[in-house]
Amino acid sequence: QVQLVESGGGLVQAGGSLRLSCAASGDTVCISAMGWYRQAPGKERELAATISSADRTTYSDSVKGRFTISRDNAKNTLYLQMNSLKPEDTAVYYCNALALNCDTTKTIGLYWGQGTQVTVSS
């Protein structure tokens, strides 16, 4: 099992910045791809950004150029640097991680954190 704990959310004015963190802990597994998703009130959860084990990144069009996803494998931590925040970025942000068996590379499961609230005021 893998536990993911997000932190760094809060209230910020439009144009401001926040940095989210997602710390992974638990059984000895290998973490492959990781990602940040977000869910605004009354809306479906949507992808914000992903990063592969080789540090290849993808971004949704809505955050591209403003958000940067990164990871520190030594600390088992995922980050999301969010700049030029807009009121429409207001959402609960969730991280996820794809866990693999380190020996066989077989998928163990996809794990989610509990979410952290980001509120951007206009």
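Q: A nonpolar core is a set of buried Ala, Val, Leu, Ile, Met, Phe, Trp, Tyr and Cys residues joined through side-chain atoms within 4.5 Å. How many residues does the largest one have here, and which have the most contacts inside it?

A: Start with the general idea. In soluble globular proteins, nonpolar side chains tend to be buried together. Now the case at hand, which is a predicted model. Its largest nonpolar core has 29 residues. Those with the most contacts inside the core are V2, L4, W36, L78, L80, M82 and Y93.

Q: Which strands supply this core with at least two residues each?

A: Work along the chain. β1, β3 and β4 (30-39) each supply at least two residues. So do β5 (46-51), β7 and β8 (77-82). β9 (91-100) and β11 (116-121) complete the list. The largest share comes from β9, with five residues.

Q: Take one core residue. What does L80 touch?

A: Leave out residues up to four places away in sequence. L80 then touches L18, R19 and L20. It also touches W36, A49 and Y93. F67, T68 and I69 complete its contacts. Two of these partners, W36 and Y93, are themselves among the core residues with the most contacts.

Q: Now the sheet. In what order do its strands run?

A: First, how strands join. Strands of a sheet pair through backbone hydrogen bonds, either parallel or antiparallel. In this model, four strands form an open sheet in the order β1-β3-β8-β7. The pairing is antiparallel.

Q: Which are the edge strands?

A: Look for a strand that pairs on one side only. β1 (2-7) and β7 (67-72) do so, and they are the edge strands. From one strand to the next, the twist averages 15°.

Q: How many bridges join β1 to β3?

A: Six bridges join them. β3 covers residues 18-26 and runs antiparallel to β1. For one bridge, find E6: its partner in β3 is C22.

Q: C22 is a cysteine. How many disulfides does the structure hold?

A: The general idea is brief. A disulfide is a covalent bond between the sulfur atoms of two cysteines. This structure holds two. C22 and C95 form one, with their sulfur atoms 2.0 Å apart. C22 lies in strand β3 and C95 in strand β9, so the bond ties together parts that are 73 residues apart in sequence.

Q: Is that disulfide right-handed or left-handed?

A: Read the torsion about the S-S bond. For C22 and C95 it is about 50°, so the disulfide is right-handed.

Q: Are C22 and C95 buried or exposed?

A: The cut-off for buried is under 20% relative accessible area. C22 has 0%, so it counts as buried. C95 also has 0% and is buried.

Q: Where does C30 sit, and where C102?

A: C30 and C102 form a disulfide, with sulfur atoms 2.2 Å apart. The link is right-handed, with 120° about the S-S bond. C30 sits in strand β4. C102 sits in the loop between β9 and β10 (107-112). The two are 72 residues apart, so the pair links distant parts of the chain.

Q: What relative accessible area does C30 have, and what does C102 have?

A: C30 has 31% and is partly exposed. C102 has 36% and is partly exposed as well. Number the bonded cysteines in sequence order, and the pairing of the chain reads 1-3, 2-4.

Q: Next, charged pairs. How many salt bridges does the structure hold?

A: To read one, look at the closest N and O atoms of the pair. The structure holds four salt bridges. R38 forms one with D89, the closest N and O atoms being 2.9 Å apart. R38 is in strand β4, and D89 is in the loop between β8 and β9. They are 51 residues apart.

Q: Are R38 and D89 buried or exposed?

A: R38 has a relative accessible area of 5%, so it is buried. D89 counts as buried at 0%.

Q: How far apart are the closest N and O atoms of R66 and D89?

A: They are 2.7 Å apart, and the pair forms a salt bridge. R66 lies in the loop between β6 (57-59) and β7, and D89 in the loop between β8 and β9, so the pair ties together parts that are 23 residues apart in sequence. Both R66 and D89 are buried.

Q: Which residues are linked in a network of salt bridges?

A: R38, E46, R66 and D89 are. D61 forms a salt bridge with K64, the closest N and O atoms being 3.4 Å apart. D61 counts as exposed, at 70% relative accessibility.

Key
Residues numbered from 1 in each chain as written. Predicted model: local features only at pLDDT ≥ 70, side-chain atom pairs only at ≥ 80, totals over all residues. Heavy atoms only, no water. Pairing = 2+ DSSP bridges. Axes fitted to C-alpha atoms, helices over the stretch in contact; angles between N-to-C directions. Buried < 20%, exposed > 50% of the residue type's maximum accessible area, 1.4 Å probe, protein only. Contact = heavy atoms within 4.5 Å. Disulfide = S-S within 2.5 Å. Salt bridge = Lys/Arg side-chain N within 4 Å of Asp/Glu carboxyl O.
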